[in-house]
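Hi,

Here is the structure I promised to pass on. Have a look at it first, then read on for what turned up in it.

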Amino acid sequence: MSEAPMPDATVSPDAASTVIDAPSEVIEIERVMEMIPHRYPFLLIDKVVDVKPNVSAVGIKCVTMNEPQFQGHFPGAPIMPGVMIIESMAQTAAVLVVRTLGPDSEGKLVYFMTIEEARFRRPVKPGDVMRVIVIKKQSRGNVWKFESRVTVDDKVVAQATFAAMIVDRA
């Protein structure tokens, strides 16, 4: 079923809150893997909830001790690397882009162009559930800009603004 994209909406500067009265949906992991090319061990979202095409999405990442990065970051005091938290933002944004643009965009690559104002507030540890809130700020052609905030137990652990370019696979 094809839907017309929703018009751009105004969003609060607070990335934790979307202010759109639109239906939302849940995208389970099997569908996420159809939409974006990432795979274990670098698939860093487990599902995407509260998807509002052309507006916002919330990725969910259940952090477990079984993940390979915890063997070396850091033994005896495992924390999720900040770059992987940023990558979870990008993957959530990629699902939002594909959901907005439709099936023809599935499997395209999303390349970071800029990462601005990245802040890490608290460590993320095994056992935490990350809520990766991504809000579209603008898009022009194949360049999209997003605002994102990650929370654990309703506390902000990271935030960033970033731009990405959507490209075909070579």
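Let's start with Asp168, which is exposed because its relative accessible area is 55%. This is a predicted model, by the way, so please read everything below as a description of a prediction. Asp168 has a salt-bridge partner, Lys108, with N and O 3.0 Å apart. Lys108 is partly exposed, at a relative accessible area of 26%. Where do the two sit? Lys108 is in the loop between H2 and E4, while Asp168 is in the segment after E7, so their pairing ties together parts that are 60 residues apart in sequence. There is also a small network: Arg31, Glu34 and Glu106 are joined by salt bridges that share partners.

How many salt bridges does the whole structure have? A search finds seven. One of them links Asp50 to Lys52, with the closest N and O atoms 3.8 Å apart. Asp50 is partly exposed, with 26% relative accessible area, whereas Lys52 is buried at 7%. Another pairs Lys61 with Glu67, where the closest N and O atoms are 3.1 Å apart. Both Lys61 and Glu67 are buried.

Now for the sheet. It is an open one made of seven strands, ordered E1-E2-E3-E5-E6-E7-E4, and the pairing is antiparallel. Which strands stand at the edges? They are E1 (25-27) and E4 (109-120); each has a single partner strand, so one side of each is left without a neighbour in the sheet. From one strand to the next, the twist averages 25°. If you want the background, strands of a sheet pair through backbone hydrogen bonds, either parallel or antiparallel. A good place to see pairing here is E4 with E7 (residues 155-167), an antiparallel pair joined by nine bridges. Try finding Tyr111: its bridge partner in E7 is Met165.

Helix H2 (residues 82-101) packs on this sheet and touches E1, E2, E3, E4, E5, E6 and E7. The direction of H2 makes about 55° with that of E5. Three residues of this helix are worth a click.

- Thr92 lies in H2 and counts as buried because its relative accessibility is 0%. Beyond four places in sequence, Thr92 touches Ile45, Val48, Ala57, Val58, Gly59, Val132 and Val134.
- Gln91 is in H2 too, and with 0% relative accessibility Gln91 also counts as buried. Contacts of Gln91 beyond four places in sequence include Ile36, His38 and Phe42. The C-alpha atoms of Gln91 and Gly59 are 8.3 Å apart, although 32 residues separate the two along the chain.
- Glu87 is another H2 residue. What is the nearest side chain of opposite charge to Glu87? That is Arg39, 11 Å away, and Glu87 is buried yet has no salt bridge. Beyond four places in sequence, Glu87 touches His38, Phe42, Leu44 and Phe112.

Last, a word on confidence. The average pLDDT of the protein is 89, and 86% of the residues score at least 70. Residues 1-20 are where to be careful: pLDDT stays under 50 there, and the model has 37 contacts beyond four places in sequence for this stretch.

Shout if anything is unclear when you open it up!

Cheers

How values were computed: Residues numbered from 1 in each chain as written. Predicted model: local features only at pLDDT ≥ 70, side-chain atom pairs only at ≥ 80, totals over all residues. Heavy atoms only, no water. Pairing = 2+ DSSP bridges. Helix = DSSP H or I, 4+ residues; strand = E, 2+ residues; numbered from the N terminus. Axes fitted to C-alpha atoms, helices over the stretch in contact; angles between N-to-C directions. Contact = heavy atoms within 4.5 Å. Buried < 20%, exposed > 50% of the residue type's maximum accessible area, 1.4 Å probe, protein only. pLDDT = per-residue confidence, 0-100. Lys, Arg positive; Asp, Glu negative; His and termini not counted. Salt bridge = Lys/Arg side-chain N within 4 Å of Asp/Glu carboxyl O.
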